[in-house]
Amino acid sequence: MRRLRNLPRLLMAGLVLLLGIAQPTLSEVFCVDTALGLQNALSTAAVNGQDDEVWTIQGTYIGNFDYASTQANKLRVLGGYTAGCAGRVLDPANTLLDGHQTNTVLVLSAPDVAAEFLVEGLTLRHGQRTGEGGGLYAKVLGAVTVNRNRIENNMAGANSDGNGGEGGGASIS
């Protein structure tokens, strides 16, 4: 009889263990309002083993932003958020990523895995790259969705061997 008293405790412990193992990977959401914050969010997302969303507050972000991962996760880079990410106005004119003519504005790279990328509600401008993709360069085995963005005033030039120079605005492969 004594063993039956412990049965409910054992069943509960087993259930807790199973729930802990069976939980799906959760998404992490980053709310960013500076260029450094945007790059830090992309760097963290590249290695955290989760699907991620980067909510970018309205404003201008100067820099070259890079996500390079070996993980098959989803990444959503979304613009148009109001202060504190309290709301969103989906208009690419509200959130500008400016490459300052120094390199590609936004690089999303997971070339050996079936990751998924979504870029939405951003203006990508003033990118300049030797090769392809001055505004956006995405390389992935999975899917890339570019929705309601403005990609303007970007350049791509030929490599020293004469190859490249196409896709000044975007290169997706």
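Here is a short set of notes on this predicted model, written to be read with the structure open beside you.

1. **The chain as a whole.** Start with the overall make-up: the protein chain contains 2 helices and 15 strands. It has 173 residues, and 35% of them count as buried. Its accessible surface comes to about 9500 Å², with 53% of that belonging to carbon and sulfur atoms. Now take the contacts between residues with a separation of 6 or more: 74% of these join residues that are 24 or more positions apart.

2. **A sheet of five strands.** Look for the open sheet built from 5 strands in the order 1-2-5-8-12, where the pairing is parallel. Strand 1 (28-32) and strand 12 (143-147) are its edge strands, and each pairs on one side only. From one strand to the next, the twist averages 10°. To see one pairing up close, go to strand 1 and strand 2 (residues 52-57), which run parallel and are joined by 5 bridges. Here Cys 31 has Trp 55 in strand 2 as its bridge partner.

3. **A sheet of four strands.** Another open sheet has 4 strands in the order 4-7-11-15, and its pairing is parallel. Why do strand 4 (65-68) and strand 15 (170-172) each have one side without a neighbour in the sheet? They stand at the edges with a single partner strand each, so one side of each is left free of a neighbour in the sheet. Neighbouring strands here are turned by 5° against each other on average, direction ignored. Strand 11 (residues 136-140) pairs with strand 15 in the parallel sense over 3 bridges, and Tyr 137 stands opposite Ser 171 in strand 15.

4. **Helix 2 and both sheets.** Helix 2 (residues 35-47) is worth finding next, as it lies across strand 4 and strand 7 (106-110). Its direction is at about 5° to strand 4. Helix 2 also touches strand 1, strand 2 and strand 5 (74-81), where it packs on the sheet and makes about 165° with the direction of strand 1.

5. **Strand 6 and its partners.** Are the residues on the two faces of strand 6 (residues 95-98) buried or exposed? Thr 95 and Leu 97 on one side, and Leu 96 and Asp 98 on the other, are all buried, so both faces are covered. Strand 3 (residues 59-62) runs parallel to strand 6 and is joined to it by 4 bridges, with Gly 59 opposite Thr 95. Strand 9 (residues 123-125) also pairs with strand 6 in the parallel sense, over 3 bridges. In that pairing Leu 97 stands opposite Leu 124.

6. **Salt bridges.** How many salt bridges does a search of the whole structure find? The search finds 3. As background, side chains of opposite charge can pair when their charged atoms come close.
   - Glu 53 and Arg 76 meet through their side chains at 3.4 Å, N to O. Glu 53 lies in strand 2 and Arg 76 in strand 5, so this pair ties together parts that are 23 residues apart in sequence. Glu 53 counts as buried at 18% relative accessibility, while Arg 76 is partly exposed at 33%.
   - Glu 120 and Arg 88 meet at 3.0 Å, N to O. This pair links distant parts of the chain, with Glu 120 in strand 8 (residues 116-120) and Arg 88 in the loop between strand 5 and strand 6, 32 residues apart. Glu 120 is buried, with a relative accessible area of 10%, and Arg 88 is partly exposed, with 30%.
   - Arg 125 and Asp 98 have their closest N and O atoms 3.1 Å apart. Arg 125 is in strand 9 and Asp 98 in strand 6, 27 residues apart. Both Arg 125 and Asp 98 are buried.

7. **Around Glu 53.** Leaving aside residues up to four places away in sequence, Glu 53 touches Glu 28, Val 29, Phe 30, Arg 76 and Leu 78. Arg 76 in that list is also its salt-bridge partner.

8. **Two places to look at on the outside.** His 100 sits in the loop between strand 6 and strand 7. It counts as exposed because its relative accessibility, 55%, is over the 50% cut-off. His 100 touches Ile 62 and His 126, not counting residues up to four places away in sequence. His 100 and Gly 63 are 37 residues apart in sequence, yet 6.6 Å apart in space, C-alpha to C-alpha. Elsewhere, Val 146, Ile 151 and Ile 172 make a nonpolar surface patch of about 220 Å². Ile 151 belongs to strand 13 (residues 150-152) and is partly exposed at 33% relative accessibility.

Key: Residues numbered from 1 in each chain as written. Predicted model: local features only at pLDDT ≥ 70, side-chain atom pairs only at ≥ 80, totals over all residues. Heavy atoms only, no water. Pairing = 2+ DSSP bridges. Axes fitted to C-alpha atoms, helices over the stretch in contact; angles between N-to-C directions. Contact = heavy atoms within 4.5 Å. Patch = residues over 30% accessible without salt bridge, like charges linked within 9 Å, V, L, I, M, F, W, Y side chains within 5 Å. Areas by Shrake-Rupley, 256 points an atom, 1.4 Å probe, with all protein chains shown as cover. Salt bridge = Lys/Arg side-chain N within 4 Å of Asp/Glu carboxyl O. Buried < 20%, exposed > 50% of the residue type's maximum accessible area, 1.4 Å probe, protein only.
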